[in-house]
Amino acid sequence: MEDGAAAFAMAEELVTREGRAFVHPFEGPNVTLATATVGLELPDSLAPPLTLPYSFGVCRDRIDELVIVEDDDLRRAMALIFHSLKLAVEPACAAAVAALTGPLRSVLAGKRVGLIFCGSNIDLATFSAHVRSVLQ
C-alpha cells in the first residue's frame with residue numbers, strides 16, 4: 001500500500017463489498033479507551049494519515065507538552081535500543097528514547113520514567129540504513 005489514506009480507502013471498500021466489520025486503529029471511544037490502558041492514550045504513531053475528533057480530543061486534553069526531536073536523534077535512539085535491548089524498532093517507536101536522551105534529559109534527570117515500546121513495523125534493510133547513517 002502506497003500510503004495510509006489508500007489503505008483506509010481499501011478497507012472501506014472491503015467493508016462495503018464483503019460486509020466486513022472495520023475496527024479503526026486509532027479513532028473512537030472503544031479503541032481509545034483500550035489503548036489508554038497502556039499509557040493514557042499515547043499517540044501510537046508520528047504520522048497518521050489524518051486526525052479524527054475523538055482521539056484528537058483525548059490527546060488535546062491529556063498531553064501536557066510536546067518536544068521535537070530531529071531525524072538523526074530518532075536514528076541514534078534506534079541504535080541505542082538495539083544495542084541495549086536487542087530490539088529493531090521503527091523511528092516512531094524510538095521517539096520517546098530520542099526525547100529522553102535529548103530535550104527531556106535534564107527535565108527528567110533523577111525521576112522515574114516508564115516507556116512503552118510499540119512499533120517494530122520495519123524491515124531489516126530500512127532499519128540497517130537508518131542506524132548505519134548515524135554510526136558512520
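Where along the chain is His-24 found? His-24 sits in the loop that links helix H1 (4-18) to helix H2 (29-36). We're looking at a predicted model here, and the fold is all about helices: there are seven of them and zero strands. Below is a quick tour, from the overall layout to the core, one helix pair and two individual residues.

**Overall layout**
- Going along the sequence, the pattern reads α-α-α-α-α-α-α.
- Of the 136 residues in the protein, 26% are buried.
- Take the contacts with a separation of 6 or more: 54% of them join residues 24 or more positions apart.

**The largest nonpolar core**
- This core has 17 residues, and Met-78, Val-89 and Ala-94 are the ones with the most contacts inside it.
- Helix H4 (71-85), helix H5 (91-101) and helix H7 (124-135) each chip in at least two residues.
- H5 gives the most, with six residues.
- Ala-94 has plenty of company: leaving aside residues up to four places away in sequence, it touches Leu-74, Ala-77, Met-78, Ile-81 and Val-89.
- As a general backdrop, nonpolar side chains tend to be buried together in soluble globular proteins.

**How H4 meets H5**
- These two helices pack at an angle of about 95°, and their axes are 8 Å apart.
- Angles of 65 to 115 degrees count as roughly perpendicular, so H4 is roughly perpendicular to H5.
- On the H4 side, the contact is made by Asp-73, Leu-74, Ala-77, Met-78, Leu-80 and Ile-81.
- On the H5 side, Pro-91, Ala-94, Ala-95, Val-97, Ala-98 and Thr-101 do the job.
- Sorted by class, the contact of H4 with H5 has 10 nonpolar residues, one polar and one charged.

**Back to His-24**
- Is this loop residue buried or exposed? With a relative accessible area of 15%, His-24 falls under the 20% cut-off, so it counts as buried.
- A polar atom of the His-24 side chain lies 3.0 Å from the backbone nitrogen of Glu-27.
- Not counting residues up to four places away in sequence, His-24 touches Phe-8, Val-31 and Leu-52.

**Arg-132 on H7**
- Arg-132 belongs to helix H7.
- Its relative accessible area is 46%, so Arg-132 is partly exposed.
- Arg-132 and Ala-79 are 53 residues apart along the chain, and 8.6 Å separates their C-alpha atoms.

How values were computed
Residues are numbered from 1 along each chain as its sequence is written. This is a predicted model: local features need pLDDT of at least 70, side-chain atom pairs count only at pLDDT 80 or more; totals for chains, interfaces and linings use all residues. Side-chain values use heavy atoms; hydrogens and water are left out. Helices (H or I, at least four residues) and strands (E, at least two) are DSSP runs, numbered from the N terminus. Buried means under 20% relative accessible area, exposed over 50%, partly exposed in between (1.4 Å probe, protein chains only). A polar contact is a pair of N or O atoms within 3.5 Å; within protein, one must be able to donate a hydrogen and the other to accept it, and residues adjacent in sequence count only if both atoms are side-chain atoms. Contact means heavy atoms within 4.5 Å. A nonpolar core is a set of buried Ala, Val, Leu, Ile, Met, Phe, Trp, Tyr and Cys residues joined through side-chain atoms within 4.5 Å. Axes are lines fitted to C-alpha atoms, for helices over the stretch in contact, and angles run from 0 to 180 degrees between N-to-C directions. Angles under 35 degrees count as roughly parallel, over 145 as roughly antiparallel, 65 to 115 as roughly perpendicular and the rest as oblique. Ala, Val, Leu, Ile, Met, Phe, Trp, Tyr, Cys and Pro count as nonpolar, Asp, Glu, Lys and Arg as charged, and the others, Gly among them, as polar.
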